[in-house]
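Reader: Hi! I'm new to this one and would love a friendly walk through it. Could you show me what we're looking at?

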Amino acid sequence: MSRPVEIVLVYQSLLGIYGDRGNAMVLLKRLEWRGIDATLTIVEPGEPLPATGSVYLLGGGEDAAQISAVRELKADGNLFRGLENGAALFAVCAGYQICGQTFTVGERDEVIEGLGLLDVTTRRGTERAVGEILTRWQRPDGSETLITGFENHGGFTYLGQGATPLAQVELGIGNADDGTEGAVQGRVIGTYPHGPVLARNAALADHVLEVALERTLEPLPRPEVDELHRQRVAFVRRQGLRA
Amino acid sequence: MISATLARRATPAALPLAVRLRLELATVAGNVAAFASRLANKGSGASIRGQVLTRIEPQAFSLLVRGRRIVAVSGTNGKTTTTHLLAAAIRAGLGGESGRMVTNADGANLHYGIASALSQARRADIAVLETDERVVSDMIAHGRPEILVLLNFSRDQLDRHHEIKALGRSWRIALERAGEAGPTVIANADDPLVVWAAGTAAHVIWVNTATLWNADAALCPACGTVLRRVNQSDGDNGTWDCPGCELTQPPASYVVGDGSIRLPDGSIVTPELQVPGSFNVSNAACALAAAIEFGVDPSVAVMGMRTVTAPAGRFASATFAGTTVRLLLAKNPAGWAEALPLAASDPVILAIDSVAADGKDVSWLWDVEYEQLAGRTVIATGPRAQDLAVRLSYAGVEHVAVPDLREAISAAGGAPRRSGSPPGAIDLIATYTPFQKLLKLAGLR
Ligand SMILES: [Zn+2]
């Protein structure tokens, strides 16, 4: 029998202030509901990460937490080993920013070196992006799916040659109010929306799992989840038209 | 007999005649607006009164807090209940002179709400004021409170307040400026951010509230190092400490444990409150410390606190079309962690909204352990019922989504009670906006 699929939730107390642990619960349940053996490993600062993860998750956090997380993850090293072993990394908001080359924190815009897993850089934006966001995500098969979430970030993220945007913004700010949202580079996906985004967007959740498992998953009909997706898309479009 | 501390009267603020007249006029205009608001059935009118008052006299807040003996209460969770407990304790201490005291019992705790309450009691020389976290600095600067209670700090409405640490920093600066003349701070020693914020105060009384070190205090607010727990043992949660700097959990004068409060002299007080939950014993400990510091006899203070039943509608019972519900308020993950274990009914109703006062981002639903409701039926209601439904679905909790509040209550009333379900009211936990709506529907505000 094969080993269970290991979901690794990284540093909840540092990078998890926006309910980001929900992304881990969603991935775990969507595997279990399909009858696939899965485990959730929650790692706090000071504890070693496993190098055996299939999916690593980073979430949102404050400035000091970002610096601390980068320091700990570099010292630990197992996130990098896990990715070399073929794992996927799904990083949200502050977690997305620290995956980049550099990002800034604090009043004085101190430049901090990131994990270097995504060819992106983050600098203080012209205004804080706070509110519902709606994007169009092109799936690997070429079809388009709407992604709904709630963005809340002060940094603007700029993509280099090595990274491609995850999605195009329909309503909201996204990376840097430049029409793009998120970044993809190999098996690393960075994105801004909370919600948590995988709870609102089942298709994206399954995509993350498919990237990690390198296989296509059976469809998992859950009308309740689809209904939430429908409601949020309708809400943000209504709100967008009013603005 | 009233203690000398309690008996001392504040010196009324001497205002120039023109200012006094403008304040009178503003108060009258505010009262008219509040009356109109009540006639239109739009609530108590406290907020409208404060707004009108402040439009006519922009300095209303600072003029009205001046020249009173102020006891202020702030923190993320529990400030309304703590303010009620503390006001009841001081009222009991004042006895026949209780008319000397004013409080903003309705929970309106911003500049407007505070000015509104104070404008209605110009002669009251003692003010017990629930104070929003963002108003604490102004309260320290203008009101020069004698006592400031700092309960706790946790995530709340991150779409508006991005970093809770920034608030803590503003408290530090205000307390440092106030210096030796600043308030005696009654502070929760269990909360690292509170300890750091109170660190610049000249006088602090620490309370060990026996609240668990929460998920919002992972990093040292002073130096950013990951905090650790020390001296943990069976049944003892130990204390927190920063390995990176000198910030550490201070030894407390008041200690909460097993539903009781140990006072500085070693005596043990069991508050036996009417408001439920161990977190309210912690709130009572802070209120008691403040009341004693203000000159109230401990046993008199406790007797006063026992009269508090439903502060600003919290824990109140209300009947809607024949179905009785008990109203519980939960504004953030820490509040839900307190409220959920109290809600024992089956079915149980959970009401979620996401307008500004609730926080527009409902991602926090995933930080609440709804898994503990497994085995019971949840009726999810409010405009964000579907978000909750999905959360409950992933949590493995049986549920039904009924967005309309009244329909949800009648659905709960019609649902069969499971065997073993406690008799009596159906528990309803709500975020801020549905909670206020229900109070209004029930005629409780
Ligand atoms: Zn420190």
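Author: Happy to! One term before we start: a polar contact is a pair of N or O atoms within 3.5 Å, and within protein one must be able to donate a hydrogen and the other to accept it. Please keep in mind that this is a predicted model.

Reader: Thanks! So how many residue pairs are in polar contact across the interface of chain A and chain B?

Author: The rule finds six such pairs between chain A and chain B, with both residues at pLDDT 80 or more.

Reader: And how many salt bridges are there across that interface?

Author: The rule finds one. Arg21(A) pairs with Asp367(B), and their closest N and O atoms are 3.6 Å apart.

Reader: Which elements of chain A give two or more residues to the side that touches chain B?

Author: They are helices H1 (21-32), H2 (63-76), H5 (197-200) and H7 (223-242), along with strands S7 (120-138) and S8 (144-159), of chain A. By residue type, that side of chain A has 15 nonpolar, 10 polar and 14 charged residues.

Reader: How many residues are in contact, and how much area do the two chains bury?

Author: On chain A, 39 residues are in contact with 28 residues of chain B. The two chains bury about 2,700 Å² between them, with 56% of it on carbon and sulfur atoms. Within chain A, the residues that lose the most area to chain B are Glu62(A), Phe150(A) and Glu224(A), together 20% of what that side buries.

Reader: Switching topic: how many cavities of 30 Å³ or more does a search find?

Author: Three, over the whole structure. The largest cavity has a volume of about 250 Å³. It is lined by 19 residues, and the closest to its centre are Gly78(B), Phe279(B), Arg314(B), Leu329(B) and Glu338(B).

Reader: Which elements supply at least two residues of that lining?

Author: In chain B, these are helix H5 (79-94), helix H10 (278-293), strand S13 (323-329) and helix H12 (333-339). The lining divides into seven nonpolar, eight polar and four charged residues.

Reader: Last one, about the backbone: where are the cis peptide bonds in what you've seen?

Author: One joins Gly195(A) and Pro196(A), with omega about -15 degrees. Pro196(A) sits in the loop between strand S12 (188-191) and H5 of chain A. Another cis bond runs from Asp346(B) to Pro347(B), with omega near 5 degrees. Pro347(B) is in the loop between H12 and strand S14 (348-351) of chain B.

Technical notes: Residues are numbered from 1 along each chain as its sequence is written. Chains are lettered from A and ligands numbered from 1 in the order in which they are written. This is a predicted model: local features need pLDDT of at least 70, side-chain atom pairs count only at pLDDT 80 or more; totals for chains, interfaces and linings use all residues. Side-chain values use heavy atoms; hydrogens and water are left out. Contact means heavy atoms within 4.5 Å. Buried area is the accessible area (1.4 Å probe) that two parts lose on being put together, summed over both. A salt bridge is a side-chain nitrogen of Lys or Arg within 4 Å of a carboxyl oxygen of Asp or Glu. A polar contact is a pair of N or O atoms within 3.5 Å; within protein, one must be able to donate a hydrogen and the other to accept it, and residues adjacent in sequence count only if both atoms are side-chain atoms. Helices (H or I, at least four residues) and strands (E, at least two) are DSSP runs, numbered from the N terminus. Ala, Val, Leu, Ile, Met, Phe, Trp, Tyr, Cys and Pro count as nonpolar, Asp, Glu, Lys and Arg as charged, and the others, Gly among them, as polar. On a 1 Å grid over the protein atoms alone, a cavity is a set of points where a 1.4 Å probe fits but cannot get out, and a pocket is an open set with protein on both sides within 12 Å along at least five of seven lines; lining residues have an atom within 4 Å of a point. Grid points are joined across faces, edges and corners, and a volume is the space filled by probe spheres set on the points.
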